[in-house]
Amino acid sequence: MNSMMNQMQGMINSVSSLTANVGVDVNDISRADTPEDTIGKVAGCENYGEVAGENAVGGIAGMLNNEIILSEGDVKVEGKANANAKGTIRLVIRDSKNYGKIAASKKYVGGIAGNMVYGAIIGSCNSGNLDALSADYVGGIAGNCNTVIMNCYSKSIMAGADYVGGIAGYGTEVYDSYAFTDIAACTEY
C-alpha cells in the first residue's frame, strides 16, 4: 500500500509540475478560409433530417472544437517538466444548409452548429425550426460562438430559455449576416 501511495504521490508531483509550466498557443486561421482550401472543412453539405439531443446540437455540426486526448503512457515526465505547445487550426463550415428541425433540452443549439470554440461558419443558412424551450444558447446559425460567423442567414421559428438569437444565442464576431426569425419563447438575453 505504501508503494502505491508513493507512486501516486510521484504522479501528482509530475502533473503539478507539468501544469505549472504549460503554455498553449493556438493560431485559428479559419476566418481566412477560401473556397479552394480543403483541409479542416465541411463544405456544401445539406441536412433535411430532424436532429435531437441534449447538449451541443446542430444541423451540420454539434461542436467545433480542438480536443487533445492523451491515453496512459503518452506522456512520461522525468525531472522538471516544461511543455509549450504551438499549433494552427482550421475548422470551417462553408456553404452548408440546414432544413431539418433541431431539438435540444440543455444548451448550445444551432441551426448549423451548436457550440463553436474555434473555427468559422461562412456562407451558410438555416431554415429549420429550433425547438429548445428549456435550453440555453439557442441561435439560428450557432448556439454559442466564440469565433466568427460571416455571410450567413437564418429564417426559422425558435424557442429557448436564456441567450436566444436569430444568428447566435451568444456571439462574439458576427459579420454580414441576417435573420428572419420568430422567437416564440425566450426567458432572458
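## A first look at the chain

Buried residues account for 35% of the 189 residues in this protein chain. Keep in mind from the start that you are looking at a predicted model. Its secondary structure consists of one helix and 19 strands, so as you turn the structure around you will be following strands for much of the time.

How do the parts of the chain meet? Take the contacts between residues at least 6 apart in sequence: 82% of these join residues at least 24 apart. On the outside, the accessible surface comes to about 10600 Å², and carbon and sulfur atoms hold 51% of that area.

## How confident is the prediction?

The mean pLDDT of the chain is 84, and 77% of the residues reach 70 or more. Residues 16–21 have a pLDDT below 50, and this stretch makes eight contacts in the model beyond near neighbours in sequence. Where pLDDT is low, predicted coordinates should not be read in detail.

## The nonpolar cores

Now for the inside. In soluble globular proteins, nonpolar side chains tend to be buried together. The largest nonpolar core here contains 14 residues, and the ones with the most contacts inside it are Ile93, Met116, Ile121, Ile141 and Ile149. Three strands each supply at least two residues of this core: strand 5 (61–64), strand 10 (113–116) and strand 15 (142–150). Strand 15 gives the largest share, three residues.

Ile121 is a good place to start exploring. Neighbours within four places in sequence aside, Ile121 is in contact with Ile93, Ile112, Ala113, Met116, Ile141, Ala142, Val148, Ile149, Met150 and Cys152. There is also a second, separate core of 10 residues, which includes Val57, Ala132, Ala135 and Val138.

## A buried glycine in strand 15

Gly143 is part of strand 15. Is this residue buried or exposed? Its relative accessible area is 0%, so Gly143 counts as buried. Setting aside residues up to four places away in sequence, Gly143 touches Val109, Gly110, Ala113, Gly114, Tyr137, Val138, Ala168, Gly169 and Tyr170. Try finding Asn115 as well: Gly143 and Asn115 are 28 residues apart in sequence, yet their C-alpha atoms are 5.9 Å apart in space.

## Salt bridges across the chain

How many salt bridges does a search of the whole structure find? The total is seven. One of them joins the side chains of Glu173 and Arg31, with N and O 2.8 Å apart. This pair links distant parts of the chain, 142 residues apart: Glu173 sits in strand 18 (residues 168–175), while Arg31 is in the loop between strand 1 (22–28) and strand 2 (41–43). Glu173 is partly exposed at 22% relative accessible area, and Arg31 is partly exposed too, at 41%.

Another salt bridge pairs Lys101 with Asp131, whose closest N and O atoms are 3.8 Å apart. Lys101 lies in the loop between strand 8 (97–98) and strand 9 (102–110) and Asp131 in strand 13 (residues 130–131), so the pair ties together parts 30 residues apart in sequence. Lys101 is partly exposed, at 35% relative accessibility, and Asp131 is partly exposed at 38%.

## A network around Asp33 and Asp37

Some charged residues act as a group: Asp33, Asp37, Lys41, Arg90 and Arg94 are linked in a network of salt bridges. Within it, Asp37 pairs with Arg90, their closest N and O atoms being 3.1 Å apart. Asp37 is in the loop between strand 1 and strand 2, and Arg90 is in the loop between strand 6 (83–89) and strand 7 (92–94), so this salt bridge ties together parts that are 53 residues apart in sequence.

Asp33 lies in the loop between strand 1 and strand 2. Asp33 has 7% relative accessibility and therefore counts as buried, whereas Asp37 is partly exposed at 23%. Residues up to four places away in sequence aside, Asp33 touches Lys41, Arg90, Val92, Arg94 and Ile122. Asp33 and Ala120 are 87 residues apart in sequence, with their C-alpha atoms 8.5 Å apart in space.

## What about the cysteines?

A disulfide is a covalent bond between the sulfur atoms of two cysteines. How many disulfides are counted in this model? The count is zero, going by a cut-off of 2.5 Å between the sulfur atoms. Two cysteines to look for are Cys45, partly exposed with a relative accessible area of 31%, and Cys186, partly exposed at 38%.

Terms used. Residues are numbered from 1 along each chain as its sequence is written. This is a predicted model: local features need pLDDT of at least 70, side-chain atom pairs count only at pLDDT 80 or more; totals for chains, interfaces and linings use all residues. Side-chain values use heavy atoms; hydrogens and water are left out. Helices (H or I, at least four residues) and strands (E, at least two) are DSSP runs, numbered from the N terminus. Buried means under 20% relative accessible area, exposed over 50%, partly exposed in between (1.4 Å probe, protein chains only). Contact means heavy atoms within 4.5 Å. Accessible areas come from the Shrake-Rupley method with a 1.4 Å probe; for residues, only the protein chains shown count as cover. A salt bridge is a side-chain nitrogen of Lys or Arg within 4 Å of a carboxyl oxygen of Asp or Glu. pLDDT is the predictor's confidence in each residue, from 0 to 100. A nonpolar core is a set of buried Ala, Val, Leu, Ile, Met, Phe, Trp, Tyr and Cys residues joined through side-chain atoms within 4.5 Å.
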